[in-house]
Amino acid sequence: MLARRRRRSPRAIFAGHGASLRPPPPAVVRSLPDVAPAPPPPPPPTDPWGPRGALPAVSLAVGDHHACAALADGTVRCWGEPEDLRLGVDAASPDVVAVPGVRDAVQVAAGSAHTCARRRDGTLWCWGRNLEGQLGRRHLSDDTTPGEAPAAVPGLRGVAEVDAAYEHTCARLAGGAARCWGNNLDWELGDDGRSEEAAGPTRDRPTPVVGVRGVTALGLGERMSCFVAGADGELWCAGAVETLRALDDGPAVWTRATRVASWPPLRAVAVGQSHACGLARDGAVWCVGGARGTLLHTSSTGAVALQIPALSYVVA
């Protein structure tokens with residue numbers, strides 16, 4: 001029978017391998033020299049729009065030397081050349097400024113030196129230069145007087161859309177009627193001489209556009225106003241229509257809104273100085289006019305709108 005081995009104690013085992021059972025010496029903590037705390041980071045630059053992403057724009061408009069945006073909180077901010085109060089304030093070389101007195105704005109439109117904001121309640125507020133009555137009220141400004149501060153266009157209610165051009169403004173009302181005011185030298189207001197001030201070149205109050213009903217969209221150029229109207233999305237225009245009319249002996253100026261033939265059903269229209277483009281209901285883009293014939297197709301029948309290649313399914 002084998003002899004039973006004697007169990008060795010843990011002390012003997014570790015001692016046999018040369019291990020020390022003494023506790024380790026206490027750790028020495030060395031104190032570091034005093035270090036001055038780092039200076040706080042500089043504050044971020046002031047953003048005139050507020051925190052990034054906090055106030056998205058819902059509408060944007062650009063004039064000759066200024067721009068304005070309606071923000072999601074209903075305020076309007078403008079920037080650019082402050083002359084003629086086109087920014088809504090009389091300030092020298094401002095940055096982005098808040099337009100005073102305008103709230104609940106859902107759309108902005110800008111002309112050469114004036115701006116208008118459509119409010120949620122269907123009223124329209126305009127400010128800036130008013131030499132031609134483009135603010136929709138009796139013009140008080142002149143060459144020696146700054147423009148006019150923001151104020152409501154008198155007697156105008158139910159505005160569903162606004163557009164502005166060089167020196168005139170138009171509004172589409174909720175019922176489908178259109179009103180225009182401002183410079184009327186080329187009959188771009190389309191009132192057919194029925195205003196009480198028909199003898200003058202300006203209208204300083206909203207004037208009904210004659211000849212068109214059921215307006216669904218506006219498009220204003222420097223000397224011409226166009227309207228999309230009717231269930232079929234027809235194009236109607238008034239003013240200096242050289243690029244739209246047939247190349248014959250017809251009038252170069254239409255004093256009232258007149259239907260323009262050979263256009264597809266439209267959803268929207270945009271007008272420049274010498275050309276116009278329409279957004280068709282199928283998403284195609286059609287244009288006519290333009291400098292040096294770049295967008296104008298002429299034939300024996302006159303000016304014809306052409307579809308712009310490679311553009312389809314356009315939404316705005």
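# A walk through the strands

Before you click on anything, colour the chain by pLDDT: this is a predicted model, with a mean pLDDT of 82 and 74% of its residues at 70 or more. Two stretches deserve some caution. Residues 12-16 have pLDDT below 50, and beyond near neighbours in sequence this stretch makes three contacts in the model. Residues 292-302 also fall below 50, though here the model shows 19 contacts beyond near neighbours in sequence.

**The whole chain**

Switch to cartoon view. You should see one helix and 22 strands. Of the 316 residues, 45% count as buried. Turn on a surface and you are looking at about 17,800 Å² of exposed area, 55% of it supplied by carbon and sulfur atoms. If you count contacts with a separation of 6 or more, residues 24 or more positions apart account for 44% of them.

**Stop 1: β1 to β4**

Select residues 57-62, which are β1, and then 97-98, which are β4. These are the edges of an open sheet of four strands, in the order β1-β2-β3-β4 with antiparallel pairing. Each edge strand has a single partner, so one side of each is left without a neighbour in the sheet. Now add β2, residues 66-71: five bridges join it to β1, and the two run antiparallel. To see one pairing up close, show Ala57, which stands opposite Leu71 in β2.

**Stop 2: β5 to β8**

Next comes another open sheet, with four strands in the order β5-β6-β7-β8 and antiparallel pairing. The edges here are β5 (105-110) and β8; each has a single partner strand, so one side of each lacks a neighbour in the sheet. Neighbouring strands in this sheet are turned by 15° against each other on average, direction ignored. Zoom in on β5 and β6 (residues 114-119), which pair in the antiparallel sense over five bridges. Pick Ala109 and look across to β6, where its bridge partner is Cys116.

**Stop 3: Gln134**

Stay around here and select Gln134, in the loop between β7 (124-128) and β8 (148-152). Is this loop residue buried or exposed? Its relative accessibility is 2%, so Gln134 counts as buried. Show what surrounds it: leaving out residues up to four places away in sequence, Gln134 touches His114, Arg129, Glu167, His168, Thr169, Trp181 and Gly182.

**Stop 4: β10 and the strands beside it**

Two of those contacts, His168 and Thr169, lead you to β10, residues 168-173. How many of the six residues of β10 are buried? Six of six are. Side chains in a regular strand alternate between the two faces of the sheet. In β10 both faces are covered, with His168, Cys170 and Arg172 buried on one side and Thr169, Ala171 and Leu173 buried on the other.

Now bring in the partners:

- β9 (residues 159-164) runs antiparallel to β10 and is joined to it by five bridges. A hairpin of three residues connects the two strands. Click Ala164 to find its bridge partner in β10, Thr169.
- β11 (residues 178-183) also pairs with β10 in the antiparallel sense, over five bridges. Show Cys170 and you will find it opposite Cys180 in β11. In the hairpin of β10 and β11, with four residues between the strands, look at Gly176, which takes a positive phi near 100°.

**Stop 5: the nonpolar cores**

Move on to the largest nonpolar core, which has 19 residues. Show Met224, Cys226, Leu235, Cys237, Leu244, Val260 and Trp263 as spheres, since these touch the most other members. The elements giving two or more residues to this core are β14 (224-229), β15 (234-240), β16 (253-260), β17 (266-271) and β18 (275-280). For a second, separate core, of 16 residues, select Ala61, Cys68, Ala105 and Val108, which are among its members.

**Last stop: Asp232**

Finish in the loop between β14 and β15, where you will find Asp232. At 53% relative accessibility, Asp232 counts as exposed. Leaving out residues up to four places away in sequence, Asp232 touches Pro265, Leu266 and Arg281. Try a C-alpha to C-alpha distance as well: Asp232 and Arg267 are 35 residues apart in sequence and 9.6 Å apart in space.

Methods: Residues are numbered from 1 along each chain as its sequence is written. This is a predicted model: local features need pLDDT of at least 70, side-chain atom pairs count only at pLDDT 80 or more; totals for chains, interfaces and linings use all residues. Side-chain values use heavy atoms; hydrogens and water are left out. Buried means under 20% relative accessible area, exposed over 50%, partly exposed in between (1.4 Å probe, protein chains only). Contact means heavy atoms within 4.5 Å. pLDDT is the predictor's confidence in each residue, from 0 to 100. Accessible areas come from the Shrake-Rupley method with a 1.4 Å probe; for residues, only the protein chains shown count as cover. Two strands pair if DSSP finds at least two bridges between them. Axes are lines fitted to C-alpha atoms, for helices over the stretch in contact, and angles run from 0 to 180 degrees between N-to-C directions. A nonpolar core is a set of buried Ala, Val, Leu, Ile, Met, Phe, Trp, Tyr and Cys residues joined through side-chain atoms within 4.5 Å.
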